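Biologist: I'm new to reading protein models, and I'd love a close look at a single part of this one. Could you pick out one stretch and then show me how it sits in the whole?

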Amino acid sequence: TRWSSEVDLTPGAGLRQGMALDFLAGCAGGAAGVIVGHPFDTVKVRLQVQSVTKPLYHGTFHCFKSIIKQESALGLYKGVGSPMMGLTFINALVFGVQGNTIRLLQNDTPLNQFLGGAAAGAIQCVICCPMELAKTRMQLQGTGEYKSKTKTYKNSLDCLIKIHQKEGLRGINRGMVATFFRETPSFGLYFLTYDFLTRYLGCEPDDGYVIPKLLLAGGTSGIVSWLSTYPMDVVKSRLQADGIGGVNQYNGILDCIRKSYEVEGWRVFSRGLTSTLLRAFPVNAATFATVTLFLMYMRAGEPMGECEASSVIQQPSGL
């Protein structure tokens, strides 16, 4: 019996019985991941969208120090409400789509792990894109101010409501195509890498080192998935931040890529990468540790067979 991302292919089998606990464990793990990783995400977004001619920050650690000094430690948690709100729905979609895709394909192979993850990544964009739009706008609000003199948005929900009032559904879904191109392959690679590493490391439930092995597998998978599509994440952030000052610079993905490259060179597509990679591993560590401890507590005294926490995966945008 392997502790990995495989699912029971038998209709109505044990997976269905443990789905409620798995779902709750995934929500708890995802929340822990957001709490640990959101400060790094704020730094990443600030670095990705800042002006190249008048940069406010001179690197990851300078950005961290500046935000804390100018906006207090709470400045690092601007926009945290949006990923927290979308967490439950995203986990539900990812869990259901990935598991059902594997069962539909009738074979738990590396290729099917990739296809299942890619399908989950594509479908959850419907929630992920508006959530990240609100998060990005909130993170950029009051940049460099200890207390924002004028707040355009009170919170993440207010942000989405005001964007919808001004721009309609198109405004709410700004950056959707870029999000799709980022999430689909990165989720596929996340599931594929996690499946490979759990097989390679021999993650067995009765192994005394199973938790460190799972944390290593999850953290490494998160890093791989981010590296695979990070340039598209930069484009997505720029598109979602575009128009904040009332002027739109970009007319789509290709226009954003072209203008960003012409002004800042190829390095623009790695802006904020250090912060992202620093964030990826601890976020996954927190997520998997919380999921595991939650299930151990809830199932105390019961024999732990297949890892029922396995299919509850933190989305790469939260990794």
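Modeller: Let's start with glutamine 106, which you can find in the loop between H4 and helix H5 (110-123). Please keep in mind that this is a predicted model. Glutamine 106 counts as exposed because its relative accessible area is 56%, and the cut-off for exposed is over 50%. Its backbone is worth a look too. Most residues other than glycine have a negative phi. Glutamine 106, however, has a positive phi of about 65°, although it is not a glycine.

Now move back along the chain to the loop between H3 and H4, where serine 72 lies. Serine 72 is not a glycine either, and it has a positive phi of about 75°. Tyrosine 77 is also in the loop between helix H3 (60-71) and helix H4 (81-105). With 32% relative accessibility, tyrosine 77 counts as partly exposed, because that class lies between the 20% and 50% cut-offs. Together with Ile35 and Met84, Tyr77 forms a nonpolar patch on the surface. The accessible area of these three residues together is about 240 Å².

From these loops, let's turn to a helix with an unusual outline. Helix H7 covers residues 156-172, which makes 17 residues, yet its end C-alpha atoms are only 12 Å apart. A straight helix would reach 24 Å at 1.5 Å a residue. Look along H7 for a bend, and you will find one of about 110° at lysine 166. At the start of H7, a side-chain oxygen of asparagine 155 comes to within 3.2 Å of the backbone nitrogen of leucine 157. The buried residues of H7 include Cys159, Leu160, Ile163 and Gly168.

For another buried residue, go to helix H9 (residues 210-241), where you will find serine 221. Its relative accessibility is 0%, so serine 221 counts as buried. The side chain of serine 221 reaches the backbone oxygen of alanine 217 at 2.6 Å. There is a handy rule to remember here: an α-helix has 3.6 residues a turn, so residues three or four places apart point the same way.

Finally, step back to the whole protein. It has 11 helices and zero strands, so if you read along the sequence you meet α-α-α-α-α-α-α-α-α-α-α. Buried residues make up 53% of the 319 residues in the protein.

Technical notes:
Residues are numbered from 1 along each chain as its sequence is written. This is a predicted model: local features need pLDDT of at least 70, side-chain atom pairs count only at pLDDT 80 or more; totals for chains, interfaces and linings use all residues. Side-chain values use heavy atoms; hydrogens and water are left out. Patches are made of residues with over 30% relative accessible area and no salt bridge: like charges are joined within 9 Å, nonpolar side chains (Val, Leu, Ile, Met, Phe, Trp, Tyr) within 5 Å. Accessible areas come from the Shrake-Rupley method with a 1.4 Å probe; for residues, only the protein chains shown count as cover. A salt bridge is a side-chain nitrogen of Lys or Arg within 4 Å of a carboxyl oxygen of Asp or Glu. Helices (H or I, at least four residues) and strands (E, at least two) are DSSP runs, numbered from the N terminus. Buried means under 20% relative accessible area, exposed over 50%, partly exposed in between (1.4 Å probe, protein chains only). The expected span of a helix is 1.5 Å times one less than its number of residues. The bend at a residue is the angle between axes fitted to the seven residues ending there and the seven starting there. A polar contact is a pair of N or O atoms within 3.5 Å; within protein, one must be able to donate a hydrogen and the other to accept it, and residues adjacent in sequence count only if both atoms are side-chain atoms.
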